Amino acid sequence: MAAPWEDVLRDEAAIQEAASVAVDAALLEGVLMRTEREPNASDVVNYAPFTLLPSAVPSTLFEQAYAVQQDFNLLVDAISQNKEFLEHTLASTIKVDDFTAQLFRIHMQVLEEGLAQSVFLGINRSDYMFDCGVDGTPALKQIEINTIAASFGGLTSRTAAVHGRVLKVLGKSEEASRLLPNNPSKGLALGIAKAWELYGSQSAVVMFLVEEVQRNIFDQRCAEVGKDWPGSVNASGFCSSDGQEVAVVYYREGYVPKNYDQQNWEARLLLERSRAVKCPDIATQLAGTKKVQQELSRPGTLERLLPGRTEAIARIRATFAGLYSLDMGEEGDKIAATAIADPDRFVLKPQREGGGNNLYGEELRQVLEKIRDSPERTSYILMDKIKPQPAMNYLLRAHSPLQVSECISELGIFGVYVRQDKEMVMNKAAGHLLRTKAIEHADGGVAAGVAVLDSPYLV
Ligand code: ADP
Ligand code: MG
Ligand code: MG
């Protein structure tokens, strides 16, 4: 699975030159982020971290990930409409996890009142790693699916051009020409535009909800400018309101507890009650919880959620790693004991998003030991740890020395769908994202400062 540039990795002079070309190319192509020091100003910006070289990805697994995306779109959409499933699945979690409980309360309240919304827009990203099985053959295994604020669909469309330049500088023009075109944010924008159109009000606007700290604004702007809008688009913050009707609410925040104070919870409820298309609505956000992911892996669950769709179910299930409930009872007791005895086999996951929340190794053991007999454990799930084959690469970050690292990658596929009442009117895989990190970091994405942007080089 090695890429054909192992030879240059040790050529220090060539790497130095390629790195300076790479950084300039990133700035030219718009692989940009605001700085940590001035997160809300674009006067001084820098490049978003990225790999010097594209990473090898087995083409069969890449195709498999694309091929299952429409199935995942259908599945997420089905879960979001299945009150009983969400209620049953999250019952133990919401007793101990306040954030999920609050989301769930709004979900139930809105259902009781009756849904005002009839057009639904889903934008998700299903993430995978390439697990090295016992015989060394890599297999596509899902890490998670993000159903809210899935990011980097904009910046990732620009990394192939950067890597193309780097490969050319290194004398690899043939390989450069094989890098794939990719533009997820265009697909996102088309989804948003379709939802806006079906909402059916010429004067209504699309509202982007963004965090107060906006380092990743250039990524968000890509979805905003990815289409010629028939109407005017208003990129506004959570609290601003200019008296215009909102057709679509696109969340680029709202997935962590710190996004909410009392006023924001009330605003969330207000939006959920409205007929605006929420991307995502609260049920779809709940469909993306780790607890739901774990429940999906139980025998028979997919069959209940997607009746009659045997082939889709087989494609989905093939990507599942081992997932385990920590609910109180014998099953949970048993797997907790197994994980305490052999923590390196597992990842312990709370119901959180955004990277940096999972527990591994010794820390996993200590935490699980402490809560093993307490209902608190049900706020977590256990997952088999995926073990990809590492590859060498250079991670380019502003103000960091150039050094080679042993790296592993995570492939994400963006899904976009639009449903009007019971009818799916759009269901697409919109593009991909490859993120790469040094193996010494167990957890964390690009926003968390651990992973960097990459491009797949199919082998
Ligand atoms: P989040 O919603 O916070 O992104 P993830 O489930 O994606 O949560 O986990 C965060 C990171 O932890 C992933 O990007 C990946 O690097 C690592 N990780 C998660 N699950 C596994 C796993 N089963 N095996 C190996 N690494 C994992
Ligand atoms: Mg996530
Ligand atoms: Mg993740």
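Leaving aside its neighbours within four places in sequence, which residues is N146 in contact with? In this predicted model, the partners turn out to be N124, R125, G288 and E353. The last of these, E353, shows up again in the annotation: an unreviewed UniProt entry puts a "binding site" feature at E144, N146 and E353. These positions are spread over 210 residues of sequence, yet they cluster in space, with 10.1 Å as the largest C-alpha distance.

Two of the annotated residues can be looked at side by side. E144 sits in strand β6, which covers residues 138-146, and N146 is found in strand β6 too. What about burial: is N146 buried or exposed? N146 has 23 C-beta neighbours inside 10 Å, so it counts as buried, because the cut-off for that label is 20 or more. E144, on the other hand, has 18 such neighbours inside 10 Å and therefore counts as partly exposed. Once neighbours within four places in sequence are set aside, the contacts of E144 are D127, K290 and Q293.

Then there is the ligand. Around ligand 1 there are 19 residues, and the ones that come nearest are E144, E353, K385, I386 and D443. Strands β6 and β11 (346-350) are the elements that give two or more residues to this shell. Sorted by class, the shell around ligand 1 holds eight charged, six polar and five nonpolar residues. E144 and E353 thus turn up twice, once in the "binding site" feature from the UniProt record and once among the residues nearest to ligand 1.

How values were computed
Residues numbered from 1 in each chain as written. Chains lettered and ligands numbered in written order. Predicted model: local features only at pLDDT ≥ 70, side-chain atom pairs only at ≥ 80, totals over all residues. UniProt positions renumbered as here; feature names shortened; annotations may be inferred. Helix = DSSP H or I, 4+ residues; strand = E, 2+ residues; numbered from the N terminus. Buried ≥ 20, exposed ≤ 12 C-beta atoms within 10 Å, placed from the backbone. Contact = placed C-beta atoms within 7 Å. Near = placed C-beta within 6 Å. Nonpolar A, V, L, I, M, F, W, Y, C, P; charged D, E, K, R; others polar.
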